[in-house]
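Notebook open, coffee poured. I'm jotting down what I look up, one spot at a time.

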Amino acid sequence: LARLEAIPLATRYSELKGMVGDELVDQLRKHKLLGKKGFTVTQPNREAYFLQLQTLLLEADPAANDLADGDSGITGRGIRKKSAGGGGKRKKKKKGVIYYMDYEWTEEEEDDFEVSAIVGKVVADGKATYANQGKAKVGTVLYRVVWKDFPPDLVWYEPEDNLGKGYLKEYEARVAAEAAADEESAREDAELEELEEAEALARDE
């Protein structure tokens, strides 16, 4: 625990670029240690580790992405650049083209969007607004998705019916396994604390 507490937490995408396996895991563990919820430390692949961390940084600070436009910060992962009319500039809209958060794509492209990672899950409270979904009905389960060819900066939520069962099964299995492991770890810590207290009382008698 002391080792983890001493690790500096990255705050910008560029700080993650040179990190490798154990360093990425430690960053996620540090976020959990600081009380951040809604994600898992265990990820299915290297790219997913980066995408989860980038999402956490973005949630903490909308300016966390300090990389050049078109740079994903992940070796081998290409992303498209923002549209020419990005940055709040007005742009004449084209028919059949979707404009969202400084990015654009065609309706045909959207039909073929692929999931790169599921980086979060929320249950709508009927009051909050969830990016592309707006206000969702109370109790609606929404998954935060990072699409292939886009960075986490394109904040996007999808209901479970819109996602493949394979993605959801893998994600929910990870969440359940990590929750069980955390519960077991907390139980062991509590038992150890009780044992230490009992030993201390015995020495004082």
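Where is Ala131 found? I checked: Ala131 sits in the loop between β3 (115–123) and β4. Note to self before going on: this is a predicted model.

**Odd phi angles**

I had a reason to stop at Ala131: its phi is near 45°, a positive value in a residue that isn't glycine. Most residues other than glycine have a negative phi, so a positive one gets an entry in my notebook. For Ala131 I also pulled the relative accessibility, which is 34%. That falls between the 20% and 50% cut-offs, so I put Ala131 down as partly exposed.

Asp102 went on the list too, with a positive phi near 70°. I found Asp102 in the loop between β1 (97–100) and β2. Its relative accessible area is 27%, so Asp102 is partly exposed.

**Aromatic pairs**

How many aromatic pairs does the structure hold? I get ten. One of them is Trp105 with Trp156, an edge-to-face pair at 5.9 Å centre to centre and 65° between the planes. Why does this pair tie together parts that are apart in sequence? Trp105 belongs to strand β2 (residues 103–106) while Trp156 is in the loop between β4 (141–147) and β5 (157–159), so the pair bridges parts 51 residues apart in sequence. I looked up burial as well: Trp105 and Trp156 are both buried.

Next I looked at Tyr143 and Tyr171, which also pair edge-to-face, at 5.7 Å centre to centre with 85° between the planes. This pair links distant parts of the chain, with Tyr143 in strand β4 and Tyr171 in helix α6 (residues 165–204), 28 residues apart. Buried or exposed, what about Tyr143? Its relative accessibility is 3%, so I count Tyr143 as buried. Tyr171 comes out at 4% and is therefore buried as well.

I then followed the ring pairs outward. They join Tyr100, Tyr103, Trp105, Phe113, Trp147, Phe150 and Trp156 into a cluster.

**Second largest pocket**

I went for the second largest pocket and got a volume of about 260 Å³. It is lined by 18 residues, and those closest to its centre are Asn65, Lys82, Tyr103, Pro151 and Asp153. Tyr103 I already had in my notes, as part of the ring cluster. Sorting the lining of the second largest pocket by class gave me eleven nonpolar, two polar and five charged residues.

**Thr40**

Thr40 is in the loop between α3 (21–33) and α4 (46–60). I half wondered about its burial, so I looked: the relative accessible area is 3%, and Thr40 is buried. Which residue does the Thr40 side chain join through a polar contact? It is Arg174, with the side chains 2.5 Å apart at that contact. Leaving out residues up to four places away in sequence, I listed what Thr40 touches: Leu28, Gln52, Arg174, Val175 and Glu178.

**Glu107**

Last entry. Glu107 lies in helix α5 (residues 107–111), and with a relative accessible area of 46% it is partly exposed. With residues up to four places away in sequence set aside, Glu107 touches Gly96 and Ile98. I also took one distance across the model: the C-alpha atoms of Glu107 and Glu23 are separated by 39 Å, and the two residues are 84 apart along the chain.

How values were computed:
Residues are numbered from 1 along each chain as its sequence is written. This is a predicted model: local features need pLDDT of at least 70, side-chain atom pairs count only at pLDDT 80 or more; totals for chains, interfaces and linings use all residues. Side-chain values use heavy atoms; hydrogens and water are left out. Helices (H or I, at least four residues) and strands (E, at least two) are DSSP runs, numbered from the N terminus. Buried means under 20% relative accessible area, exposed over 50%, partly exposed in between (1.4 Å probe, protein chains only). A polar contact is a pair of N or O atoms within 3.5 Å; within protein, one must be able to donate a hydrogen and the other to accept it, and residues adjacent in sequence count only if both atoms are side-chain atoms. Contact means heavy atoms within 4.5 Å. On a 1 Å grid over the protein atoms alone, a cavity is a set of points where a 1.4 Å probe fits but cannot get out, and a pocket is an open set with protein on both sides within 12 Å along at least five of seven lines; lining residues have an atom within 4 Å of a point. Grid points are joined across faces, edges and corners, and a volume is the space filled by probe spheres set on the points. Ala, Val, Leu, Ile, Met, Phe, Trp, Tyr, Cys and Pro count as nonpolar, Asp, Glu, Lys and Arg as charged, and the others, Gly among them, as polar. Rings of Phe, Tyr and Trp (its six-membered ring) pair if their centres lie within 6.5 Å; planes under 30 degrees apart count as stacked, over 60 as edge-to-face and the rest as tilted.
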